[in-house]
Amino acid sequence: MNNGKNLKAVAYGEVLWDVFENEKKIGGAPLNVALRMKTFGCEVAMISCVGKDKDGEAIINQVKSLGLETDAIIKSEDFPTGLVNVTLNERGSASYEIAYPSAWDKIVLNDLAKNLVSEADVLIYGSLICRDQVSRQALEELLLMDVYKVFDVNLRKPHYSYEILIQLMNSANFIKFNDEELLEIAAEMHSPFESLEENMLFFAEKTKATAMCVTKGKHGAILLWEGQIYKNEGYPVRVSDTVGAGDSFLAALITSLLTGKAPQTAIDFACAIGALVAEAPGANPDISLSAIENLMAKVKV
């Protein structure tokens, strides 16, 4: 598996319980990214907030057992640990009902959190965390720091505004969208283009981001890296659910790119992991290197 042993990462944002019909599992996009990066050998810390309740205690215990630094996950006296009701359609695609307000809406930075980011190689953040002013202000403070910034666009209606999205894009070195998100924001920014590739170049010109990727579900992904476009057309799997597939894709892609892997190798590897996560239930299934290699080998000509 890609070796991120010397890569220090900090994920900022929501930690919560994804509540399915018959069970609940830890989740939140930045936490999912962090957990997958940890499996690649990265040193990873999480900045967030949980409630002083059983759900919060359970999240911290589980995340700590999986090897993440949890000292920057603060505890709120006033707000409960986040819950998201997940509904899956017949194709396994998820829709989300996100409780508000939750503890992760009220992240306040402590010195430990600031120090973690100041010493990190990469900071991962998303758009959902900005639905509340408290957590948004904390993020804005972190975005002033000198660290490679990865913005995971994660549009969940009604929890976003285009004004804030554009600010977050302008703060990023790297942006991840899915295809629907990219086209929605492109239309809002009055892009004259229709294709994903043209709109990626449009965003690169209009923002400060120098790199980005777009996921296309079962049809793979597109990467813009150092001015070049790279593509993967996807790997065929039987989808269980799509929860967390994009998060694991991003974790694999960023770890690969920032540890010097070739861009085409990075996007191929990331698409394989995203497909395998979609094939398994939940956001954070165990994925072996042999399973990744076997899937990649199946589609080689």
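In which loop does Pro158 lie? The model examined here is predicted. In this model, Pro158 belongs to the loop that runs between β9 (148–152) and α5 (162–171). The peptide bond leading into Pro158 from Lys157 is cis, with omega near 0 degrees. Another cis bond joins Tyr100 to Pro101, with omega near -5 degrees. Pro101 is also a loop residue, placed between β7 (94–98) and α3 (111–118). Most peptide bonds are trans, and most residues other than glycine have a negative phi.

Backbone angles of note also occur at His190 and Glu226. His190 is not a glycine, yet its phi is positive, at about 60 degrees. This residue sits in the loop between α6 (179–188) and α7. Its relative accessibility is 69%, so His190 counts as exposed. Glu226 has a positive phi of about 50 degrees and is likewise not a glycine. The loop that holds Glu226 connects β12 and β13 (228–232). Glu226 counts as exposed because its relative accessibility is 69%, and the cut-off for exposed is over 50%.

Aromatic contacts were examined next. A pair of aromatic rings is described by the distance of the centres and the angle of the planes. The count comes to 7 aromatic pairs. In one of them, the rings of Phe40 and Phe269 have centres 5.9 Å apart. Their planes meet at 55 degrees, so the pair is tilted. Phe40 is in the loop between α1 and β4 (43–51), whereas Phe269 is in helix α9 (residues 263–279). The two parts are 229 residues apart in sequence, so the pair ties together distant positions. Both Phe40 and Phe269 are buried.

A further pair is formed by Phe174 and Trp225, with ring centres 6.4 Å apart. The planes of Phe174 and Trp225 stand at 55 degrees, so this pair is tilted. It links distant parts of the chain, 51 residues apart. Phe174 comes from strand β10 (residues 174–178) and Trp225 from strand β12 (residues 221–225). Phe174 is buried, at 0% relative accessibility. Trp225, at 15%, also counts as buried because the limit is under 20%. Elsewhere, ring pairs join Phe177, Phe193, Phe202 and Phe203 into a cluster.

One ring also meets a charge. The charged end of Lys24 sits over the ring of Trp17, 5.2 Å from the ring centre. Another lysine, Lys206, is found in helix α7 (residues 196–206). Lys206 is partly exposed, with a relative accessible area of 48%. The C-alpha atoms of Lys206 and Ile166 are 9.7 Å apart, while the two residues are separated by 40 residues along the chain.

The cysteines were then checked for cross-links. A disulfide is a covalent bond between the sulfur atoms of two cysteines. The structure holds 0 disulfides. For Cys49, the closest cysteine sulfur is that of Cys130, 16 Å away and therefore too far for a bond. The cut-off for a disulfide is within 2.5 Å. Cys49 is buried, with a relative accessible area of 1%. For Cys271, the closest cysteine sulfur is in Cys213, at 8.9 Å, which is also too far for a bond. Cys271 is buried as well, with a relative accessible area of 7%.

Open space was analysed last. Rolling a probe the size of a water molecule over the atoms shows where empty space is left. The second largest pocket contains about 290 Å³ of space. Its lining comprises 15 residues. Nearest the centre of this pocket lie Leu35, Leu66, Asn284, Pro285 and Asp286. Two elements, β3 (24–27) and α1 (29–39), each supply at least two residues of the lining. The largest share, 4 residues, comes from α1. By type, the lining of the second largest pocket divides into 7 nonpolar, 4 polar and 4 charged residues.

Technical notes:
Residues numbered from 1 in each chain as written. Predicted model: local features only at pLDDT ≥ 70, side-chain atom pairs only at ≥ 80, totals over all residues. Heavy atoms only, no water. Buried < 20%, exposed > 50% of the residue type's maximum accessible area, 1.4 Å probe, protein only. 1 Å grid on protein atoms, 1.4 Å probe; cavity = no way out; pocket = protein on both sides within 12 Å on 5 of 7 lines; lining within 4 Å. Points joined across faces, edges and corners; volume = space filled by probe spheres on them. Nonpolar A, V, L, I, M, F, W, Y, C, P; charged D, E, K, R; others polar. Phe/Tyr/Trp six-rings, centres within 6.5 Å; stacked < 30°, edge-to-face > 60°. Lys NZ or Arg CZ within 6 Å of the ring centre and 35° of its normal.
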